[in-house]
Structure formats: C-alpha cells, structure tokens
Amino acid sequence: MSETDPSAEFAPPFLIAEPTRQRYPFVFNAPHAGDVYPASFLAASQLSPIALRRSEDALVDRLFGSVVRLGAPLMSARFPRAYLDVNREPYELDPRMFEGRLPPYANARSMRVAGGLGTIPRIVADGHEIYRGRLPVAEALRRIDLLYKPYHRALRARLASTVELFGRVVLIDCHSMPSSSLSREDFARADIVLGDRYGTSCAPLLTDLVDTALRHRGYVVVRNKPYAGGFITEHYGAPALGRHALQIEVNRALYMDERTLEPSSGFAKLSEDLSDAFADIMLALRGDLEPSRIAAE
C-alpha cells in the first residue's frame with residue numbers, strides 16, 4: 001500500500017452540505033456513501049471495482065440531499081466503506097489482516113471483527129475477501145488517524161454547534177440495505193428499517209413520527225430488525241441529554257439497479273417522499289425534544 005496521506009487521495013475525505021440557515025435541530029449523516037476508490041487501494045484488492053462497491057451505500061447522499069434545502073446540514077464520506085468504516089469503534093481491527101502487532105487498545109474480539117467487518121473491513125458485504133495479502137499495521141493506523149478521527153471530529157463539532165443553537169440535536173444516520181439481506185420472511189417486505197438501539201438512542205416520539213410519516217407515504221417500515229443501529233447511533237444517542245440518534249436503512253431495490261448501482265426510475269419518487277416526510281417530521285418536533293421533557297418522561 002502507498003504511504004501517502006490517505007486524506008489527500010480523496011481531497012476532501014468528507015463533505016458537509018450546509019443550508020443557507022439551519023432551521024431545525026437536525027443533522028443528517030451518510031457515512032457509507034463514499035465512492036472514491038484510490039488507485040493504491042484498487043491495486044491492493046483482489047476484487048473488481050464493482051465488487052468493492054457492493055459495500056457502498058450508493059447514492060444515499062443524493063437520496064437525502066433535499067434535506068439541505070429544508071434547513072438541515074448533511075455530512076457524507078467520500079472514502080468508501082470497504083476502505084474504512086466510520087460506523088465502527090476507532091480500532092476494531094482483525095489481527096489476521098495485518099503484518100505486525102496491533103496496538104494493545106485495539107478491539108480484536110468484537111462480533112463485527114469476527115464477521116470481517118471491522119474498522120478496516122476484511123470482506124465486502126457479500127462475503128468476498130478484499131485484499132490480496134496482509135496490510136501493514138501502520139496502514140490501518142494511518143487511515144484511522146487521517147480519515148476516521150477527522151470525520152468524527154467534524155461530526156461531533158456539527159452536533160455540538162446544533163446543540164448550541166437549539167439546545168438539542170437529532171442525528172439521522174442514513175444508510176441503504178441490499179434487498180437480499182431481507183430474505184427472512186419476517187422482513188422480506190421491508191422498505192425501510194429504523195434503528196434506535198431498541199429505544200435507547202433517541203426519544204420514542206422521534207421513532208414514532210418517522211415511522212408514521214413513512215407509512216403514511218406507503219412504505220413498509222420495520223424497527224430494529226435486522227438493523228438496530230451501529231456505532232454512530234449508539235455513540236451519539238443520549239436522549240436524556242437532548243441528543244437523539246436514529247438510523248434509517250432504505251431498501252436499495254426502491255431506488256437503484258442493485259447490479260449496476262445506477263439510479264432507477266424509483267429514485268425521484270423516493271427522494272421526494274423522504275424530503276416531504278422529514279419536512280413534516282421536523283415541523284412536528286419543534287420544541288418537543290427538550291432535554292428536561294425527555295428526562296421527565
């Protein structure tokens with residue numbers, strides 16, 4: 001792998017689309033929408049570019065892009081999930097992937113590491129091994145220092161500035177799911193899965209409103225199964241302190257060709273429905289997520 005600064009390969013590694021004026025205490029985040037694949041990464045991989053993109057939440061930043069016009073910022077990664085996953089702890093690392101000793105603070109025993117989907121993933125979403133050989137430990141640490149940490153610093157800063165403006169913040173973590181992941185009968189018809197860590201990462205009022213708004217527009221909504229929310233939802237959600245985090249997973253079959261990753265004829269309708277739904281949700285929640293009110297419930 002190249003020893004160049006990884007952040008320079010993406011230039012910039014993430015984007016924050018800002019509204020002219022932030023009108024609501026909402027911040028949207030698309031951590032897996034990155035679609036810039038450095039030549040050094042492609043050379044180290046044994047997979048084709050399209051195979052690597054199977055882990056990508058393709059087009060999700062565009063799908064939710066209209067929230068900026070509504071008055072909420074949208075943050076999105078440009079580096080791909082297959083390269084670095086910011087929806088993990090900073091050091092969930094698989095020792096089988098690396099040459100050299102991992103630092104003692106690395107979490108090498110998490111379920112996500114065991115499944116090959118740590119901070120530096122070993123596999124793509126369909127289970128294929130990414131790399132031809134082992135990576136130097138220094139390469140993993142460099143990606144974490146120069147991409148992961150700046151991403152989370154920027155996200156924390158945007159959440160903090162929103163709290164300063166409004167006294168509270170709602171983080172909507174935006175993802176997509178392959179339709180094949182919903183093969184179990186219970187979830188086979190799910191269009192959208194809402195993850196609130198089983199009621200711990202946000203006020204129930206928020207989940208209820210999002211659920212209702214999307215069902216009203218004809219979507220089949222499931223809660224917490226098979227996706228309850230990842231590190232970002234768990235780490236940033238503290239409803240008793242007025243900090244709410246909700247993960248939303250959208251079935252890719254609704255808006256794109258899952259083979260080519262190109263937008264389908266359903267893209268425009270879904271994007272419009274999401275925009276309309278969140279316009280209603282943000283209006284409905286004005287003043288209703290005060291920390292003191294949540295703590296008293």
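**View 1. Strands E2 and E3 side by side in the predicted model.** In this predicted model, strand E2 and strand E3 run parallel and are joined by three bridges. Within this pairing, Asn29 stands opposite Met75 in E3. Strand E2, which covers residues 26-30, is mostly covered, since five of its five residues are buried. The covering applies to both faces of E2, with Phe26, Phe28 and Ala30 buried on one side, and Val27 and Asn29 buried on the other.

**View 2. The pairing of strand E2 with strand E6.** Strand E6, made of residues 169-177, pairs with E2 in the parallel sense, and four bridges hold this pairing. Two of the residue pairs can be followed by name: Phe26 has Val170 as its bridge partner in E6, while the bridge partner of Phe28 in E6 is Ile172. As background, the strands of a sheet pair through backbone hydrogen bonds, in either a parallel or an antiparallel manner.

**View 3. The whole sheet and its edges.** The sheet is open and is formed by seven strands, which follow the order E1-E3-E2-E6-E9-E7-E8 with mixed pairing. Strand E1 (14-17) and strand E8 (221-223) stand at the edges, and because each has a single partner strand, one side of each is left without a neighbour in the sheet. From one strand to the next, the twist averages 20°.

**View 4. Helices H7 and H8 packed on the sheet.** Helix H7 packs on the sheet and touches E1, E2, E3, E6 and strand E9 (243-251), and the direction of H7 makes about 165° with that of E2. Helix H8, which comprises residues 204-216, also packs on the sheet, where its contacts are with E2, E6, strand E7 (192-195), E8 and E9. The direction of H8 makes about 160° with that of E8.

**View 5. Helix H7 along its length.** Helix H7 takes in residues 137-166, and because a helix is expected to rise 1.5 Å a residue, its 30 residues should span 44 Å, a value that agrees with the 42 Å between its end C-alpha atoms. The helix nevertheless contains a kink of about 35°, which is centred on Ile144. Just after H7 comes Gly167, a residue that takes a positive phi of about 85°.

**View 6. Helix H10 and its buried residues.** Helix H10 (residues 267-284) consists of 18 residues, and the distance from its first C-alpha to its last is 26 Å, close to the 26 Å expected at 1.5 Å a residue. The residues of H10 that are buried include Phe267, Leu270, Leu274, Phe278, Ile281 and Met282, and also Ser271, Asp273, Ser275 and Ala277.

**View 7. The surroundings of Arg81.** Arg81 is found in the loop between strand E3 (74-77) and strand E4 (98-99). Its relative accessibility is 17%, and Arg81 therefore counts as buried, the cut-off for this being under 20%. The side chain of Arg81 makes a polar contact of 3.2 Å with the side chain of Asp85. When residues up to four places away in sequence are not counted, Arg81 touches His32, Ser55, Arg88 and Pro121.

**View 8. Asp5 and its separation from Glu234.** Asp5 belongs to the segment before helix H1 (6-10), and with a relative accessibility of 34% Asp5 counts as partly exposed. Along the chain, Asp5 and Glu234 are 229 residues apart, and their C-alpha atoms are separated by 30 Å.

Terms used. Residues are numbered from 1 along each chain as its sequence is written. This is a predicted model: local features need pLDDT of at least 70, side-chain atom pairs count only at pLDDT 80 or more; totals for chains, interfaces and linings use all residues. Side-chain values use heavy atoms; hydrogens and water are left out. The expected span of a helix is 1.5 Å times one less than its number of residues. The bend at a residue is the angle between axes fitted to the seven residues ending there and the seven starting there. Buried means under 20% relative accessible area, exposed over 50%, partly exposed in between (1.4 Å probe, protein chains only). A polar contact is a pair of N or O atoms within 3.5 Å; within protein, one must be able to donate a hydrogen and the other to accept it, and residues adjacent in sequence count only if both atoms are side-chain atoms. Contact means heavy atoms within 4.5 Å. Two strands pair if DSSP finds at least two bridges between them. Axes are lines fitted to C-alpha atoms, for helices over the stretch in contact, and angles run from 0 to 180 degrees between N-to-C directions.
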